[in-house]
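Visitor: Could we take a close look at a single part of this model together? I would enjoy a guided walk through the contacts there.

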Amino acid sequence: MAILEVLHIPDNRLRKKAIPISDIDDSVRELASNMLETMYAENGIGLAATQVNVQKRLVVIDLSTENTDAKVLVNPEILSFSGSEEMQEGCLSVPDVFDTVIRSEIITVRFQNLDGETIEETVDGLYAVCIQHEIDHLNGKLFIDYLSPLKRNRIFKKFEKLEKFQTRDS
């Protein structure tokens, strides 16, 4: 297993759309394993392949505090949305930024597991929010896109300054 580099804004690669995975083979399983290790190392609860510069429709999630309930979603798609709820969100690609986002409260999602089995489930709460957040990544969208233009611009300017500072010092 390996820890992968997580892309941070303003990196434009985060805006690329992921393509479906046609064959769940050992390379996909290895990618999922590396993504889980990366997510755990970064203290995250979800990670999309696009965040590690792999344009495949693959998401890993673990909401447990002990990192014992890993879920791998291959080619996830949301079939239905209902209700709405506000929840504080953060993102490994936008470190140390948290804000309230309105998402659907209940979703029905279909995906494949690493054995190629198709699973369809209706979920709510943090799991539903996390799935929506990670599928947004697969579609080139970030949680800050839900914020006001003023907030979003402030966040981008902060990270652009940080990137210039880091580039200058290296």
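Visitor: Through how many residues does a hairpin join S4 to S5? Please start there and then follow strand S5 to Arg103 and its partners.

Guide: Happy to! Please keep in mind that this is a predicted model, in which side-chain atom pairs count only at pLDDT 80 or more. The hairpin that leads from S4 to S5 does so through two residues. On one side of the turn is strand S4, residues 85-91, and its pairing with S5 is antiparallel, with six bridges between the two. One of the bridge pairs is Cys91 with Val94, the latter belonging to S5.

Now let us move along S5 to Arg103, which is placed in that strand. Is Arg103 buried or exposed? Its relative accessible area is 5%, and because buried means under 20%, Arg103 counts as buried.

The charged partner of Arg103 is a good next stop. Arg103 and Asp136 form a salt bridge, and their closest N and O atoms are 2.7 Å apart. This pair connects distant parts of the chain: Arg103 sits in strand S5 (residues 94-103), while Asp136 sits in helix H2 (residues 125-138), 33 residues away. Asp136 is buried too, with a relative accessible area of 11%.

Two polar contacts add to the picture around the Arg103 side chain. The side chain of Glu89 is 2.7 Å away in one of them, and the side chain of Tyr146 takes part in another, at 3.4 Å. If we set aside neighbours within four places in sequence, the residues in contact with Arg103 include Gly83, Ser84 and Glu85, as well as Val129, Gln132 and His133. Phe143 is also among them, together with the partners Glu89, Asp136 and Tyr146.

From here we can step along helix H2, where Leu126 is also found. At 39% relative accessibility, Leu126 is partly exposed, whereas Asp136 in that helix is buried. Leu126 joins Ile45 and Leu63 in a nonpolar surface patch of about 210 Å².

For context, the salt bridge at Arg103 belongs to a structure that holds nine salt bridges. Another one brings together the side chains of Glu77 and Arg110, at 3.3 Å from N to O. Glu77 is in strand S3 (residues 71-82) and Arg110 is in strand S6 (residues 106-112), so this pair ties together parts that are 33 residues apart in sequence. Both ends are partly exposed: Glu77 has a relative accessible area of 37%, and Arg110 has 29%. Glu120 comes in here as well, since salt bridges with shared partners join Glu77, Arg110 and Glu120 into one network.

One further example is the salt bridge in which the side chains of Asp69 and Lys71 meet, again listed at 3.3 Å from N to O. Asp69 is partly exposed at 36% relative accessible area, and Lys71 is partly exposed at 27%.

To come back to where we began: the hairpin joins S4 to S5, and Arg103 in S5 is a buried residue with a salt bridge to Asp136 and polar contacts to Glu89 and Tyr146.

Definitions and conventions. Residues are numbered from 1 along each chain as its sequence is written. This is a predicted model: local features need pLDDT of at least 70, side-chain atom pairs count only at pLDDT 80 or more; totals for chains, interfaces and linings use all residues. Side-chain values use heavy atoms; hydrogens and water are left out. A salt bridge is a side-chain nitrogen of Lys or Arg within 4 Å of a carboxyl oxygen of Asp or Glu. Buried means under 20% relative accessible area, exposed over 50%, partly exposed in between (1.4 Å probe, protein chains only). Helices (H or I, at least four residues) and strands (E, at least two) are DSSP runs, numbered from the N terminus. A polar contact is a pair of N or O atoms within 3.5 Å; within protein, one must be able to donate a hydrogen and the other to accept it, and residues adjacent in sequence count only if both atoms are side-chain atoms. Contact means heavy atoms within 4.5 Å. Two strands pair if DSSP finds at least two bridges between them. Patches are made of residues with over 30% relative accessible area and no salt bridge: like charges are joined within 9 Å, nonpolar side chains (Val, Leu, Ile, Met, Phe, Trp, Tyr) within 5 Å. Accessible areas come from the Shrake-Rupley method with a 1.4 Å probe; for residues, only the protein chains shown count as cover.
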